[in-house]
There are 2 protein chains.
Amino acid sequence: MIRDLELAFIKIHILHHADKEGVFGIGLMAELARHGYGIGPGTLYPTLAKLEKGGFLTCAARTVEHKQRKYYHITPKGRALLNNMRAKLKELYQEVIEEQ
Amino acid sequence: MIRDLELAFIKIHILHHADKEGVFGIGLMAELARHGYGIGPGTLYPTLAKLEKGGFLTCAARTVEHKQRKYYHITPKGRALLNNMRAKLKELYQEVIEEQ
DNA sequence: TTTTACAATATCGTATTCCGATATTATCAT
DNA sequence: ATGATAATATCGGAATACGATATTGTAAAA
């Protein structure tokens, strides 16, 4: 009932980070935890897979620091979604925070 | 995959409006449509019922303009949630919009 | 070469949610 | 009473959430 609100914010975070640099599962979990968001592997990995399947992210396996990771990057379609959400976020911010 | 992002924003909208004044189903649908959000009765009414059940909104039936409506108002618990989401929204805004 | 340890990703099952279409309820005018 | 309209409620198939568990890949130790 409430959780989905956080999850939505988490997804926007993911798109935003995937726009700036490659992101991978565990790294994201740590980054999100730093921001006060909790998400476990059972939710995050299927989410990344769905974002890839939907064409918003691309995936490339790479070995870094002796660890096999799947790095995700944003696609043009993903960037379009992100920009769309940015616009909605801006509007929501203005209504819910600025004008009270 | 994407829809839930909009839905989260819609729920925050609902809480925000229910904080300012009484809101009811169809009125909300029109208001949200004005903001570019689409939500049908099959989603909105269960959502309102769940928010009430969760203790975030209270409900009072009233007859206005010859129409029987169920007006929802925010509760202290709902306001706490709203403020929590406001804080997260602010943080997200700063990260995703301001600092690019 | 096997084994061990560890990091990273993937899957499973139950409970919950979404939402278009349809049904139900309430009110007033005729 | 009857009809018209506004508002709310319900149904069912498809999709999602997520803790717990399993699987895969890498490198150092035995």
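Biologist: What makes Asp4(A) and Lys11(B) a salt bridge?

Modeller: In this predicted model, the closest N and O atoms of Asp4(A) and Lys11(B) are 2.4 Å apart. The cut-off between a Lys or Arg side-chain nitrogen and a carboxyl oxygen of Asp or Glu is 4 Å, so the pair qualifies as a salt bridge. Across the interface of chain A and chain B, the rule finds 4 salt bridges.

Biologist: Which elements of chain A give two or more residues to the side that touches chain B?

Modeller: Those elements are α1, α3 and α4 of chain A. The largest share comes from α4(A), with 12 residues. By class, that side of chain A has 16 nonpolar, 6 polar and 10 charged residues.

Biologist: How many residues are in contact between the two chains, and what is the area buried between them?

Modeller: On chain A, 32 residues are in contact with 32 residues of chain B. The buried area is about 3700 Å², and carbon and sulfur atoms give 72% of it. Met1(A), Leu5(A) and Phe9(A) supply 18% of what chain A buries against chain B, more than any other three residues.

Biologist: Let's turn to the DNA. How do you know that Gln68(A) makes a polar contact with DNA strand D?

Modeller: An N or O atom in the Gln68(A) side chain is 2.6 Å from a phosphate oxygen of DNA strand D. The limit for a pair of N or O atoms is 3.5 Å, so this pair counts as a polar contact. The side chain of Thr43(A) also passes, because its N or O atom is 3.3 Å from a phosphate oxygen of DNA strand D. For Ile26(B), a polar backbone atom is 3.1 Å from a phosphate oxygen of that strand.

Biologist: And which residues come nearest to DNA strand D?

Modeller: Of the 20 residues around the strand, Arg3(A), Gly42(A), Gln68(A), Tyr45(B) and Lys70(B) come nearest. The surface near DNA strand D has 7 nonpolar, 8 polar and 5 charged residues. Of the strand's atoms within 4 Å of the protein, 75% belong to sugar or phosphate and the rest to bases.

Biologist: One last residue, then. Why is Thr75(A) called buried?

Modeller: Thr75(A) has a relative accessible area of 9%. Buried means under 20%, so Thr75(A) is buried. This residue is found in the loop between β2 (67-74) and α4 (76-98) of chain A. Leaving aside neighbours within four places in sequence, Thr75(A) is in contact with Gly55(A), Phe56(A), Leu57(A) and Thr58(A).

Key. Residues are numbered from 1 along each chain as its sequence is written. Chains are lettered from A and ligands numbered from 1 in the order in which they are written. This is a predicted model: local features need pLDDT of at least 70, side-chain atom pairs count only at pLDDT 80 or more; totals for chains, interfaces and linings use all residues. Side-chain values use heavy atoms; hydrogens and water are left out. Helices (H or I, at least four residues) and strands (E, at least two) are DSSP runs, numbered from the N terminus. Buried means under 20% relative accessible area, exposed over 50%, partly exposed in between (1.4 Å probe, protein chains only). Contact means heavy atoms within 4.5 Å. A residue is near a molecule or strand if one of its heavy atoms lies within 4 Å of it. A polar contact is a pair of N or O atoms within 3.5 Å; within protein, one must be able to donate a hydrogen and the other to accept it, and residues adjacent in sequence count only if both atoms are side-chain atoms. Ala, Val, Leu, Ile, Met, Phe, Trp, Tyr, Cys and Pro count as nonpolar, Asp, Glu, Lys and Arg as charged, and the others, Gly among them, as polar. Buried area is the accessible area (1.4 Å probe) that two parts lose on being put together, summed over both.
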